[in-house]
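Dear colleague,

I am passing on the structure we talked about, and I would be grateful if you could keep it open while you read. My notes on it come below.

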Amino acid sequence: MPHDTSSTRIESTAMSGNGIAWVKLSAIHLPLKTPISDAKVLTGRQKPLTEVAFLFVEIQTRDGHSGLGFSYSKRAGGPGQFEHAKEIAATLIGEDPNDIAKIWLKLCWAGASVGRSGLAVQAIAAFDIALWDLKAKRAGLSLAKLLGAHRDAVQCYNTSGGFLSSSIDEILDNVEQSIEAGIGGIKIKVGHPDAATDIKRVEAVHRRIDGRVAMMVDANQQWDRPSAMRMGRRLEQYDLTWIEEPLDAYDAEGHAALAAQLDTPIATGEMLTSVLEHVSLIDNKSVDFIQPDAPRVGGITPFLKICSLAEAKKLRLAPHFAMEIHLHLAAAYELDPWVEHFDWLDPLFNERLEISDGRMIVPTRPGLGFTLSEQARKWIRVEAEFGERP
Ligand SMILES: [Mg+2]
């Protein structure tokens, strides 16, 4: 008679001390120094951004291994992510933290009726990222090394110096500061109702950069198909590294037409919240640069699936936001990717990332290499604990 060992194995995991003993959730609201506007604000779709809501997850095993992960939301959704995480967190207790894929599915099934994308998987992302952090820490490796890195430093570009809320003089000052800091590219926002304003700002920044670093523009989904094509043609002369989100985030066909007809590469993907939504961009040949965001797509586990598909199609990668996570994931991507330099999250952590020669250096500290600062703990609005802290 075949011997069923599965229940014995589950028991031995819990007994061995490797099982997850304690999970803590914290909702942290990070205030921004100045309110931020992109084209979505200018067209009245959104209010200026004044803070970012984070869902932090801390996990500990019985034998004292720990992991830290986070998810986030801008404007609305933060409390929803926290509440969803609170409902499913207890399912982790006793699980073997090595079985990340199994745990991801378990968390997904725990809230299956609210779907496999959007806010539901963004709550799961914080757990998933904490589990990857834990696994890499226990191996004594940076996450990049655990995954299998192609490089020790990743091209990085400045993205917070060119908002529509900044004057052209402020942007030009930021260009100098950014180049001085060793950042390898500069992205500015476009998408003014008046195209001439965009062109004027792009022209001024292009002239100031003068070929010293790469330049990108980001329209934050504000153009329709004809406007995007017309603007894309006008922008060809500036030799941009990419045009980001020229169209609605879900317009895979529209992006495909731009990618086919323009020399300037097309980038999009930051607003998508699942692997399948990214598959639509890949299948439709919509992008030259794909821009997944690990907290938005459900964590590192789904992010890596997107990377495998994108790599097979020879797409370039430029993950959105959260450089603290994406630096490791980009280091493990084959075709020289870009990470987005945002210093917004600095107050949350004790550690800082280093930049040299246009590249962000992958930290060699185990895991993601970040610990929560005292200031971050002071910003905690709500918290919840599950299991027993060892
Ligand atoms: Mg963007």
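What follows goes from the overall form to the cores, the metal site and a few single residues.

Please bear in mind throughout that this is a predicted model. The protein chain holds 15 helices and 14 strands, and its C-alpha atoms fill a box of roughly 75 × 45 × 40 Å along the principal axes. For 390 residues a compact globule would have a radius of gyration near 21 Å, and the chain, with 21 Å, agrees with that. Of these 390 residues, 58% count as buried. Among contacts between residues at least 6 apart in sequence, 72% join residues that are at least 24 apart.

The domain assignment splits the chain into domain 1, made of 6-140 + 373-387, and domain 2, which is 144-361. Taken over C-alpha atoms, the centres of the two domains are separated by 25 Å, and the contact between them takes 41 residues from domain 1 and 38 residues from domain 2.

On the interior, the largest nonpolar core has 87 residues, of which V23, L25, F54, F127 and W344 touch the most other members. Helix α5, residues 118-139, gives the most to this core, with 12 residues. Because domain 1 and domain 2 both give residues to it, this core lies between them. If residues up to four places away in sequence are not counted, F127 touches V23, L25, V57, I59, A85, I88, A89, L92 and L107. Apart from this core lies another, of 28 residues, and among them are I171, M229, A259 and I266.

One of the residues just named, A259, is also found in helix α10, residues 252-261, where the buried residues are A252, G254, H255, A256, L258 and A259. As background to that pattern, an α-helix has 3.6 residues a turn, so residues three or four places apart point the same way. The buried residues of α10 are covered by elements that include α9 (225-235), β8 (266-268) and α11 (275-283).

The metal site may be the part you wish to inspect next. The magnesium ion is coordinated by D218 (OD), E244 (OE) and E270 (OE), at 2.0 to 2.3 Å, and along the chain these donors follow the spacing D-x25-E-x25-E. Since D218 lies in strand β6 (residues 214-218) and E244 in strand β7 (residues 242-244), the pair ties together parts that are 26 residues apart in sequence. Both D218 and E244 are buried.

Just ahead of strand β6, in the loop that follows α8 (195-209), is V213, which counts as buried because its relative accessibility is 15%, under the 20% limit. Leaving aside neighbours within four places in sequence, V213 is in contact with I179, I183, G184, G185 and I186. The C-alpha atoms of V213 and I179 are separated by 7.5 Å, although these residues are 34 apart along the chain.

Turning to the cysteines, the count of disulfides comes to zero. C156 is in no disulfide, and the nearest cysteine sulfur, that of C307, is 18 Å away. Seen from the other side, the closest cysteine sulfur to that of C307 is in C156, and 18 Å is too far for a bond, because a disulfide needs the two sulfur atoms within 2.5 Å. C156 counts as buried at 0% relative accessibility, and C307 is buried too, with a relative accessible area of 8%.

Finally, two backbone angles deserve a line each. K314, in the loop between α13 (300-312) and β10 (316-317), has a phi near 60°, a positive value in a residue other than glycine, and K314 is exposed, with a relative accessible area of 56%. D357, in the loop between β12 (355-356) and β13 (359-361), has a phi near 55°, which is likewise positive in a residue other than glycine, and D357 counts as exposed at 76% relative accessibility.

With kind regards

Methods: Residues are numbered from 1 along each chain as its sequence is written. This is a predicted model: local features need pLDDT of at least 70, side-chain atom pairs count only at pLDDT 80 or more; totals for chains, interfaces and linings use all residues. Side-chain values use heavy atoms; hydrogens and water are left out. A nonpolar core is a set of buried Ala, Val, Leu, Ile, Met, Phe, Trp, Tyr and Cys residues joined through side-chain atoms within 4.5 Å. Buried means under 20% relative accessible area, exposed over 50%, partly exposed in between (1.4 Å probe, protein chains only). Helices (H or I, at least four residues) and strands (E, at least two) are DSSP runs, numbered from the N terminus. Domain bounds come from an automatic or database domain assignment. Contact means heavy atoms within 4.5 Å. Donors are N, O and S atoms within 2.8 Å of the metal (3.2 Å for Na, K and Ca); water is not among the atoms, so sites may look incomplete. The radius of gyration is taken over C-alpha atoms; the globule rule is 2.2 Å times the number of residues to the power 0.38.
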